[in-house]
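The following exercises ask for a formal reading of strands, helices and single residues from atomic coordinates. Each task is followed by a solution in steps.

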Amino acid sequence: MILIDAIYTHQTGGKVLLDYLVSELEKTDVNVFYLFDDRISKNAYQIKKTNKILFEKSSFFKRFNFYRKNRSTFTKIFCFGNVPPPIKLEATVYTFFHHRIYLEIPKELPFKTTCGYIAKTMIIKFLKRNTDYWIVQNSNIKVKLHEKYNIKDSQIMNLPFYPPISGNKSSERNNFGYIYVSHPFLHKNHLRLIDAFCEFYDAEKKGELILTVDQSFQELYKYIEDKIASNYPIRNIGFIKRSELYKYYTANRYLIFPSLSESFGLGIIEALDCGCDIIGADLPYLYEVCEPSVIFDPNSTQAIKEAFVKSIDFQSVKKSIPKVNDKIKTVIELLTK
């Protein structure tokens, strides 16, 4: 039996990838046990009767007790949330490392947040001997993982996977439409983006910025509302289901992506698949997934504003080109053969 250990995954791009992995595994004849974060227990996962699912709180001790009780149950294990098993097992273990922030912590983060990431980094270092292989989404992550954790190249597999995106296509694309689909964590850099767009609009009187910030992020949500009240053309559509994203991507010419840290950038791939051009941060993660149309220094509001200005002449802006392919079949073969 295979174990999919996703006890630390419950939101954002990681959840999208988890859903995709589950859907593909359910097409196979292999017996699977799913260990999930209880915060997604309301999700209607459709699994075969021969498979099992358990929702647990995402704590180290809950996870440790599960492995202690089931240490001989599984032949292969796929740890989804960056962290290897808490104990050494006889099973073949793959750990999916998909969070760049455990390799390079942005300097802009608050001290308390930084300390939390440092602690998690130390846990990963301590437990690294409990996994046989690491799966990453691009070659840059592979290099950084090798350097930071002293892991052999032969143990790290570059196997990006991501689900196709589809839906109802917008009938018309706004040539001055800019969309940023992202949860507003601090490293996602929303404040600089919003300030840069407002300065751009003051100067050019063009453009519309589409954001996906829900009310649970109260300070940023209010900041956006204040900008809207000041007559800036910002539209905040809040959190929306992935099935609805297609029409928003296809309604806008550009994805603008100012994030300070990404392991993959699923939103970039989705936007490319929907025909958007990419205006993105001049950082390694961007070049791993595409050749962007316009780049900028994500630490500079002025640089982001200038990128907006460059994009106005959309007929002269070069097309963005994707550079990655979905390798879910290879991942499934590793787990099922």
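**Exercise 1. Two asparagines with positive phi**

Task: In this predicted model, state where N231 is placed and decide whether N231 is buried or exposed. Then carry out the corresponding assignment for N82, buried or exposed.

Solution.
- Step 1. The loop between α6 and β10 (234-236) holds N231.
- Step 2. Although N231 is not a glycine, its phi is positive, at about 75°.
- Step 3. The relative accessibility of N231 is 64%, so this residue counts as exposed, the threshold being over 50%.
- Step 4. N82 belongs to the loop between β4 (76-79) and β5 (92-96). Its phi is likewise positive, about 80°, and N82 is not a glycine.
- Step 5. With a relative accessible area of 4%, N82 is buried.

**Exercise 2. The packing of α5 and α6**

Task: Determine the angle at which helix α5 and helix α6 pack and how far apart their axes lie; then list which residues meet.

Solution.
- Step 1. Two packed helices are characterised by an inter-axis angle and an inter-axis distance.
- Step 2. For α5 (residues 190-204) and α6 (residues 218-229), the angle is about 5° and the axes are 11 Å apart.
- Step 3. Helix α5 is therefore roughly parallel to α6, since angles under 35 degrees fall in that class.
- Step 4. From α5, the residues H190, L191, I194, D195 and C198 meet L220, Y223, I224 and K227 of α6.
- Step 5. Sorted by class, this contact comprises six nonpolar, one polar and two charged residues.

**Exercise 3. The six-stranded sheet and its helices**

Task: Give the strand order of the open sheet of six strands and identify which strands stand at the edges. Then place α5 and α6 relative to these strands.

Solution.
- Step 1. The order is β10-β9-β8-β11-β12-β14, and the pairing is parallel.
- Step 2. The edge strands are β10 and β14 (294-296); each has a single partner strand, so one side of each lacks a neighbour in the sheet.
- Step 3. From one strand to the next, the twist averages 20°.
- Step 4. Within this order, β11 (residues 252-257) and β12 run parallel and are joined by four bridges. One bridge partner pair is F257 with G280 in β12, and Y254 stands opposite D277 of β12.
- Step 5. Helix α5 lies across β8 (174-180), β9 (208-211), β10 and β11, at about 160° to β9. Helix α6 lies across β9 and β10, at about 140° to β10.

**Exercise 4. D277 and the burial of β12**

Task: Decide whether D277 is buried or exposed, and find which backbone nitrogen its side chain reaches.

Solution.
- Step 1. D277 is placed in strand β12. This strand (residues 277-281) is mostly covered, five of its five residues being buried.
- Step 2. The relative accessible area of D277 is 2%, so D277 is buried, the limit being under 20%.
- Step 3. Leaving aside residues up to four places away in sequence, D277 touches R253, Y254, L255, S293, K318, K319 and S320.
- Step 4. Among these contacts, S320 offers its backbone nitrogen, which the side chain of D277 reaches at 3.1 Å.
- Step 5. A separate C-alpha distance can be stated: D277 and F66 are 211 residues apart along the chain, with 45 Å between their C-alpha atoms.

**Exercise 5. The enclosure of α8**

Task: Establish how many residues of helix α8 are buried and name them.

Solution.
- Step 1. Helix α8 (residues 266-273) has eight residues, seven of them buried, so the helix is largely enclosed by the rest of the structure.
- Step 2. The buried residues are L266, G267, I268, I269, E270, A271 and L272.
- Step 3. Just after α8, G275 adopts a positive phi of about 90°.

**Exercise 6. The seven-stranded sheet**

Task: State which strands stand at the edges of the open sheet of seven strands.

Solution.
- Step 1. The strand order is β3-β2-β1-β4-β5-β6-β7, with parallel pairing.
- Step 2. β3 (52-56) and β7 (156-158) are the edge strands; each has a single partner strand, so one side of each is without a neighbour in the sheet.
- Step 3. Strand β6 (residues 133-136) runs parallel to β7 and is joined to it by three bridges; V136 has N158 of β7 as its bridge partner.

Definitions and conventions: Residues numbered from 1 in each chain as written. Predicted model: local features only at pLDDT ≥ 70, side-chain atom pairs only at ≥ 80, totals over all residues. Heavy atoms only, no water. Axes fitted to C-alpha atoms, helices over the stretch in contact; angles between N-to-C directions. Parallel < 35°, antiparallel > 145°, perpendicular 65-115°, else oblique. Contact = heavy atoms within 4.5 Å. Nonpolar A, V, L, I, M, F, W, Y, C, P; charged D, E, K, R; others polar. Buried < 20%, exposed > 50% of the residue type's maximum accessible area, 1.4 Å probe, protein only. Pairing = 2+ DSSP bridges. Polar contact = N/O pair within 3.5 Å; in protein donor to acceptor, adjacent residues only side chain to side chain.
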